[in-house]
Amino acid sequence: MAKEFKVLLYLNNAFGGYGFEEAAGMGFDLNEGPKGPGNLLQAQLNKQGEATGDTYKVVATLCAGDDFFSAEPEANSAKAIELLDAYKDADIFFAGPAFAAGRYTVSCGALCEAIGAAWGIPCITGMDEQSPGTDIYRKKCYIIKTGNNAREVPQTVAKMARLGHALLHPDDVVRLTSLEYIPDPREYDYFTRGQLRCTYVDRTVAERSVDMIVKKVNGEEFVSEVYPDRFDTFDIPKAVKDLSKAKIAFVSDGGLVYKGNPDHCQTRSNLVWADYDLRTLMAPGGYEVVHAGYFNDYVNQDPNRLLPLDVIDEDIKAGKLGGISDHYMSMPACTTVSAQCKKNGAEIGEKLKALGDVDAVILTST
Amino acid sequence: MLGVNRIVVGAAVPNPTGNPKLEPEAEHEYRRHLVEECLKLLSTDVEGPTTVVA
Amino acid sequence: MRLEIDSYEIKDLKEGPKTCVENGVLYVNKKELEELILQDANIEKVDIQLVYPGDKTRILNVQDVIQPRAKVEGQDFPGWLGKIKIAGSGKTLSLDGTYVINSNASTNRIESGLLDMDGPMRKLSPYANTPNVVVASYAVAGTEERAFEDSVKCAGFKAAAYLANAAKGLAPDKTEVFDMDMYKNKKEGLPRIGYIFQCYSPQFDYLAVSDKIFYGRALTGTLPLVIHPNEILDGGVMGWNALKAIDSVSYQNNAIIKELYKHDGVDLNFGGVILVSANTDADNRDRNCQIVADLAKNVLNLDGVIISKILGGMPHIDISSMGVACENAGVKTCVHTTPLTAVGTLGDTILFNDECLTAIVTSSSPFERTVINFKAEKFIGGTAETKLYSSEMKLQLAGDERINIEQYLTAGVHDHTGGRKVQTLEY
């Protein structure tokens with residue numbers, strides 16, 4: 001039975017053709033039919049549809065500015081669902097692809113999650129592995145793997161279309177012992193979604209075991225079927241011997257930065273860290289909070305609620321502590337992927353060591 | 001990736017080293033107590049992840 | 001030790017006045033088999049049914065599935081049906097293409113296996129695609145439960161031997177020879193590879209009694225044993241009292257043993273088998289792991305081992321501990337693991353991460369669920385009201401059109417000895 005599938009698409013300001021940074025603050029704009037890469041998507045979907053005699057039509061393209069949308073992804077997703085109400089009989093939703101764009105990947109992921117949950121239709125986008133949206137949303141929708149180069153639009157859209165068509169055409173082929181239909185992430189090139197399934201393959205467990213042990217004993221290369229998580233081991237730093245002579249430094253992921261945010265730290269999925277002068281920062285009017293993950297007012301009222309400087313100064317005066325470094329390492333880290341945190345943490349550690357006089361760190365986290 | 005060995009439990013997410021519900025004097029006292037635990041832990045050898053509730 | 005298995009292809013099953021095999025058809029005198037089984041005073045009655053692929057039949061309370069086999073000379077299922085005689089040599093008759101589905105119709109266990117002869121199980125289980133002989137035994141009132149389970153076990157083995165003897169004197173369709181000397185290399189210069197077979201775990205012991213799986217006795221609390229692989233293929237080690245993603249057919253056809261035999265003299269020398277049970281406490285585990293490694297290195301002189309696992313999470317610990325002990329002794333390992341959840345990553349789920357265990361194979365995902373839509377019209381070993389196990393403690397009955405069942409309870413879907421073409425992947 002030939003079917004015409006209805007497709008919805010979300011694009012940001014740039015891909016929607018509204019402009020770049022200058023249009024990043026724009027609100028929602030709903031267009032009928034395909035816009036920008038939506039035309040390519042529709043063509044690719046129809047190419048897939050030839051095999052099954054089905055056609056696809058992008059019935060609407062919703063656009064919004066990256067700054068606008070990513071400032072409140074959940075609220076804006078809910079608004080988007082309201083705006084798209086006339087199209088809620090759509091069969092499938094696509095967003096982006098967003099490649100490595102921080103705000104765009106978060107917007108696409110949030111929309112895919114919300115629409116998938118509200119309407120129960122497949123939702124597909126495309127992102128680079130390191131981008132903020134990937135870790136957060138990979139389990140909630142289908143994210144095609146991309147590089148960080150927006151020039152890969154044609155091949156990425158083709159992959160998105162191929163996966164979309166597959167999701168809309170479950171077959172009876174038995175691939176899993178659970179008898180479910182789940183397109184293979186390796187075949188369709190999307191990020192695994194935190195699921196495990198027993199899959200039918202071409203060799204028995206016994207065949208694979210004998211093959212693997214013979215290779216291992218002979219010193220040949222083999223591919224294990226599981227690579228366990230290994231926790232980094234390191235020597236636990238020894239205790240500070242004499243606090244009265246020790247100098248500590250503050251580090252925080254709570255988003256306390258210089259007033260004016262000169263390093264353009266992001267409220268969410270921030271990737272940068274900075275070395276600030278503690279006294280300048282902690283002076284009245286010297287700071288602001290850049291962090292979308294908690295209610296900022298309390299720290300704004302009194303930054304000692306994040307960096308306990310007043311008590312530390314008292315301790316220094318009383319001789320309990322040697323001193324505190326003028327250098328404060330700030331890394332606002334609301335939903336920043338752990339790989340990035342690990343990287344930045346290592347750099348911060350190096351910087352602190354290079355200072356030469358820091359014995360210990362108090363790291364406050366929100 | 002896990003491997004934080006010295007942890008002091010703070011007050012709350014929006015105010016790790018403070019408590020806006022308390023009067024300023026009481027809040028300061030709380031923060032003093034918290035920092036004391038931090039300094040104590042920094043000057044103690046630990047075998048593995050050690051969490052202190054202030 | 002040399003074992004010859006003469007196999008007979010069975011294409012159909014029919015009732016007949018005399019139990020025999022003729023032109024690929026197994027004729028069964030049900031009355032005679034019934035009388036044989038009823039010799040056990042614990043069995044009040046036995047329901048013997050011939051089932052066929054396509055029947056709208058659901059077989060319940062499946063305790064085991066057994067391949068019909070009988071010794072030409074020697075003791076069938078030694079230790080269970082008669083005095084112990086070491087299995088694994090001489091000639092054994094084997095019927096291919098039909099199985100004994102052994103059901104305990106009087107069980108009180110809350111978990112019981114099932115087999116559907118039609119519906120989705122046709123796509124998943126080899127047993128749903130062969131004609132089979134179902135033996136469903138009912139207990140004499142007041143019979144102690146575990147004693148009855150042993151009676152059921154023996155009823156199944158009796159049926160298996162009885163049916164295989166139908167082929168006595170006939171020319172086999174195929175003869176397989178399993179001939180191996182654990183101390184003589186088939187071909188010099190090839191690595192010696194052995195098999196550590198974790199064949200039991202006492203963590204599931206029903207009513208705190210271990211299942212008799214080794215020559216009629218339990219292995220719990222015993223020390224690791226070196227045995228000849230043929231003993232496992234020939235009825236010395238048999239199934240549990242419940243389906244646990246392994247059954248007697250799995251033991252009789254142990255896929256790792258058969259695969260090692262296939263490679264013997266080709267790219268390895270099959271060095272032997274060490275039989276172990278999993279351990280519930282650290283002290284015994286440590287001791288047994290050291291003994292296993294010692295047997296592997298110093299008694300069997302192995303260069304490498306495959307370690308397979310049995311159902312459960314606790315066995316993961318034994319697998320990794322044995323593996324590490326072997327690696328430390330200089331015996332390389334390939335270990336099996338079974339992801340325990342359908343959610344997560346492979347790394348999360350294996351419960352061990354020792355650096356030396358570099359070769360890991362996923363052998364099944366026994367706790368994964370399958371939704372089976374199948375409205376049975378006939379029930380054997382139970383009724384439409386028989387409760388089926390649900391880990392969420394939701395009520396589901398055998399007569400329900402839709403059930404959600406953990407795969408280790410579906411006969412034939414999984415095989416911990418590695419006979420299925422399955423691998424757990426991330427999705």
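Domain bounds here come from an automatic or database domain assignment. The model is predicted, so local features need pLDDT of at least 70 and side-chain atom pairs count only at pLDDT 80 or more, while totals for chains, interfaces and linings use all residues. Residues are numbered from 1 along each chain as its sequence is written, and chains are lettered from A and ligands numbered from 1 in the order in which they are written.

**Exercise 1. Which domains does the assignment give for chain C, and how many residues does each bring to their contact?**

Step 1: Chain C has domain 1 (2–175 + 368–408) and domain 2 (179–362).

Step 2: Their C-alpha centres lie 26 Å apart.

Step 3: Take two residues as in contact if their C-beta atoms, placed from the backbone, lie within 7 Å. Domain 1 of chain C then brings 32 residues and domain 2 of chain C brings 28.

Step 4: On the domain 1 side, strand S1 (2–9), strand S6 (57–66) and helix H2 (145–164) of chain C each give two or more residues. Helices (H or I, at least four residues) and strands (E, at least two) are DSSP runs, numbered from the N terminus.

Step 5: That side has twelve nonpolar, eight polar and twelve charged residues. Here Ala, Val, Leu, Ile, Met, Phe, Trp, Tyr, Cys and Pro count as nonpolar, Asp, Glu, Lys and Arg as charged, and the others, Gly among them, as polar.

**Exercise 2. What is the strand order in the open sheet of four strands in chain C, and which strands stand at the edges?**

Step 1: The order is S7-S8-S1-S12, with mixed pairing; two strands pair if DSSP finds at least two bridges between them.

Step 2: Strand S7 (69–71) and strand S12 (174–179) of chain C are the edges, each with a single partner strand, so one side of each has no neighbour in the sheet.

Step 3: Inside the sheet, S1(C) runs parallel to strand S8 (residues 90–96) of chain C, joined by seven bridges. Asp6(C) has Leu93(C) as its bridge partner in S8(C).

Step 4: Now add the helix: H2(C) lies across S7 and S8 of chain C, at about 75° to S7(C). Axes are lines fitted to C-alpha atoms, for helices over the stretch in contact, and angles run from 0 to 180 degrees between N-to-C directions.

**Exercise 3. Which pair of chains has the most contacts?**

Step 1: Of the two pairs of chains that touch, A and C have the most contacts.

Step 2: In that pair, 53 residues of chain C meet 39 residues of chain A. The chain C side has 23 nonpolar, 19 polar and eleven charged residues.

Step 3: A strand pairing also links these chains: strand S7 (residues 196–200) of chain A and S24(C) are antiparallel over five bridges. Within it, Arg197(A) is bridged to Leu425(C).

Step 4: For the other touching pair, chain B gives 23 residues and chain A gives 28. Chains B and C have no contact, and their closest C-alpha atoms lie 14 Å apart.

**Exercise 4. At what angle do H1(A) and H6(A) pack?**

Step 1: Helix H1 (residues 38–49) and helix H6 (residues 153–168) of chain A pack at about 45°, their axes 8 Å apart.

Step 2: This makes H1(A) oblique to H6(A), since angles under 35 degrees count as roughly parallel, over 145 as roughly antiparallel, 65 to 115 as roughly perpendicular and the rest as oblique.

Step 3: Among the residues that meet are Leu40(A) and Leu41(A) from H1(A), and Pro154(A) and Val157(A) from H6(A). The contact divides into eight nonpolar, five polar and one charged residue.
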